Amino acid sequence: QVQLVESGGGLVQPGGSLRLSCTVSGSMLVINAMGWYRQALGKERELAAVHSSGGNTNYADSVKGRFTISRDNAKNTVYLQMNNLKPEDTAVYYCNADVTTGWGPYEAWGEGTQVTVSS
């Protein structure tokens with residue numbers, strides 16, 4: 001079983017910063033891509049940022065230049081540094097990991113952490 005534990009959400013004023021963390025644990029052979037998705041109230045879940053096992057990163061246009069995804073492979077942890085936050089960044093942020101287990105590929109999700117940007 002693969003588990004993802006997220007932390008770092010909260011309430012922040014516009015222009016502020018937050019850092020999300022997500023640690024992967026469990027029965028897996030390899031962690032491939034890791035990323036962050038977000039879902040605002042009444043909207044579909046969308047990709048915010050992704051970090052491949054090879055070090056490539058990709059961002060949604062709406063967060064480019066403000067968000068930075070990074071990864072510590074020794075800790076099986078992915079981070080999302082969010083700067084210059086805007087009210088439209090308000091959403092539940094979900095960690096995602098594509099892993100290889102002994103029984104094949106598996107896509108794991110965290111439970112989500114709320115980020116609220118408001119004055």
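A strand here is a DSSP run of E of at least two residues, and a helix is a run of H or I of at least four. Counted this way in the predicted model, the protein chain has 11 strands and 0 helices. Following the sequence from the N terminus, the order of elements is therefore β-β-β-β-β-β-β-β-β-β-β.

The overall dimensions come next. Along the principal axes, the C-alpha atoms of the protein chain occupy a box of roughly 45 × 25 × 25 Å. The radius of gyration of the protein chain is 14 Å, and because a compact globule with 119 residues would have a value near 14 Å, the two agree.

Contacts within the protein chain often link parts that are far apart in sequence: of those between residues at least 6 apart, 55% join residues at least 24 apart. Of the 119 residues in the protein chain, 40% are buried, taking buried to mean under 20% relative accessible area. The protein chain exposes about 6400 Å². Carbon and sulfur atoms supply 46% of that exposed area.

Some side chains can be described in terms of aromatic rings. Where ring centres must lie within 6.5 Å to pair, the count comes to 1 aromatic pair. Arginine side chains also lie over rings. The charged end of Arg 19 is placed over the ring of Tyr 79, at 4.1 Å from the ring centre. Arg 45 is found over the face of Trp 109, and here the distance to the ring centre is 4.7 Å. Both distances fall within the 6 Å allowed for a charge over a ring.

Methods: Residues are numbered from 1 along each chain as its sequence is written. This is a predicted model: local features need pLDDT of at least 70, side-chain atom pairs count only at pLDDT 80 or more; totals for chains, interfaces and linings use all residues. Side-chain values use heavy atoms; hydrogens and water are left out. Rings of Phe, Tyr and Trp (its six-membered ring) pair if their centres lie within 6.5 Å; planes under 30 degrees apart count as stacked, over 60 as edge-to-face and the rest as tilted. A charge sits over a ring if NZ of Lys or CZ of Arg is within 6 Å of the ring centre and within 35 degrees of the ring normal. The radius of gyration is taken over C-alpha atoms; the globule rule is 2.2 Å times the number of residues to the power 0.38. Buried means under 20% relative accessible area, exposed over 50%, partly exposed in between (1.4 Å probe, protein chains only). Contact means heavy atoms within 4.5 Å. Accessible areas come from the Shrake-Rupley method with a 1.4 Å probe; for residues, only the protein chains shown count as cover.
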